[in-house]
Amino acid sequence: MTEEPKDTCDMIGSQKTNPSRDKDLAPYIKIKVLFFARARDLTGSTELCLEMPDGSTARDCMNKLLIEFPNLREIYDSMVLALNEEYAPELTVLRNKDELAIIPPISGG
C-alpha cells in the first residue's frame, strides 16, 4: 500500500504559528508562502507555512510577515503578490492551503 503524500505545509521545517491562540475560538487556515529573488534573500527562506485566522486577506498575511521579517519593507512598495499562481491584490481573502508568492521587482537589461 502506498502512503499518501503529506500536505506541503506540514513538511516545512520553519512553520510559523501562534502558540497562544485558542483553537476553539476561531478556525485557522494554513497558507504556504513562497519567497522569490530578493524576498528570499531578505527572509532567508524559500518557503514557509503561516497559520492565519479564517477570513484573512493577503494583506493580513503580509502584515504578519513584515513583523516576522522587517527587512521585507525594503521591497514592500514595489513587490507583487500571486495567489495560487495568479496575480492578486492584497484585499484577496485567503483560503486553507492557498499558496501566496512574494514577487519582488525584477530588473535586467
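Two strands count as paired here if DSSP finds at least two bridges between them. Strand 1 and strand 5 clear that bar, pairing in the parallel sense over 4 bridges. One spot to look at is Leu 34, whose bridge partner in strand 5 is Ala 101. Keep in mind that this is a predicted model.

**The fold**

Stepping back, the protein has 4 helices and 5 strands. Walk along the sequence and you meet them in the pattern α-β-α-β-α-α-β-β-β. The 5 strands make an open sheet in the order 2-1-5-3-4, and the pairing is mixed. Strand 2 and strand 4 (86-87) sit at the edges, each pairing on one side only. Helix 3 packs on this sheet, where it touches strand 1, strand 2, strand 3 and strand 5. The direction of helix 3 makes about 120 degrees with that of strand 2.

Of the contacts with a separation of 6 or more, 56% are between residues 24 or more positions apart. Buried residues account for 39% of the 109 residues. The accessible surface adds up to about 7,100 Å², and carbon and sulfur atoms own 49% of that.

**The core**

How many residues are in the largest nonpolar core? There are 24, and those with the most contacts inside it include Val 33, Phe 35, Cys 61 and Leu 65, along with Leu 72, Leu 100 and Ile 102. Several elements chip in two or more residues: strand 1 (28-35), helix 2 (37-43), strand 2 (47-53), helix 3 (58-68), strand 3 (80-83) and strand 5 (99-103). Helix 3 gives the most, with 5 residues.

Leu 72 is a handy residue to click on. Leaving aside residues up to four places away in sequence, Leu 72 touches Phe 35, Ala 39, Leu 42, Thr 43, Leu 65 and Leu 66.

**The salt bridges**

Side chains of opposite charge can pair when their charged atoms come close. A search of the whole structure turns up 4 salt bridges. Among them are these:

| Pair | N to O distance |
|---|---|
| Lys 32 and Glu 47 | 3.7 Å |
| Lys 32 and Glu 99 | 3.8 Å |
| Arg 59 and Glu 90 | 3.1 Å |

Start with the salt bridge between Lys 32 and Glu 47. This pair links distant parts of the chain, with Lys 32 in strand 1 and Glu 47 in strand 2, 15 residues apart. Is Lys 32 buried or exposed? Lys 32 counts as buried because its relative accessibility is 14%, and the cut-off for buried is under 20%. Glu 47, at 26%, counts as partly exposed.

Lys 32 also meets Glu 99 in a salt bridge. Lys 32 lies in strand 1 and Glu 99 in strand 5, so this pair ties together parts that are 67 residues apart in sequence. Glu 99 is partly exposed, at 22% relative accessibility.

Then there is the salt bridge between Arg 59 and Glu 90. Arg 59 belongs to helix 3 and Glu 90 to the loop between strand 4 and strand 5, so the pair ties together parts 31 residues apart in sequence. Arg 59 is partly exposed, with a relative accessible area of 37%, whereas Glu 90 counts as buried at 19% relative accessibility. Through shared partners, salt bridges join Lys 32, Glu 47 and Glu 99 into one network.

Technical notes:
Residues numbered from 1 in each chain as written. Predicted model: local features only at pLDDT ≥ 70, side-chain atom pairs only at ≥ 80, totals over all residues. Heavy atoms only, no water. Core = buried A, V, L, I, M, F, W, Y, C linked by side-chain atoms within 4.5 Å. Buried < 20%, exposed > 50% of the residue type's maximum accessible area, 1.4 Å probe, protein only. Contact = heavy atoms within 4.5 Å. Areas by Shrake-Rupley, 256 points an atom, 1.4 Å probe, with all protein chains shown as cover. Axes fitted to C-alpha atoms, helices over the stretch in contact; angles between N-to-C directions. Salt bridge = Lys/Arg side-chain N within 4 Å of Asp/Glu carboxyl O.
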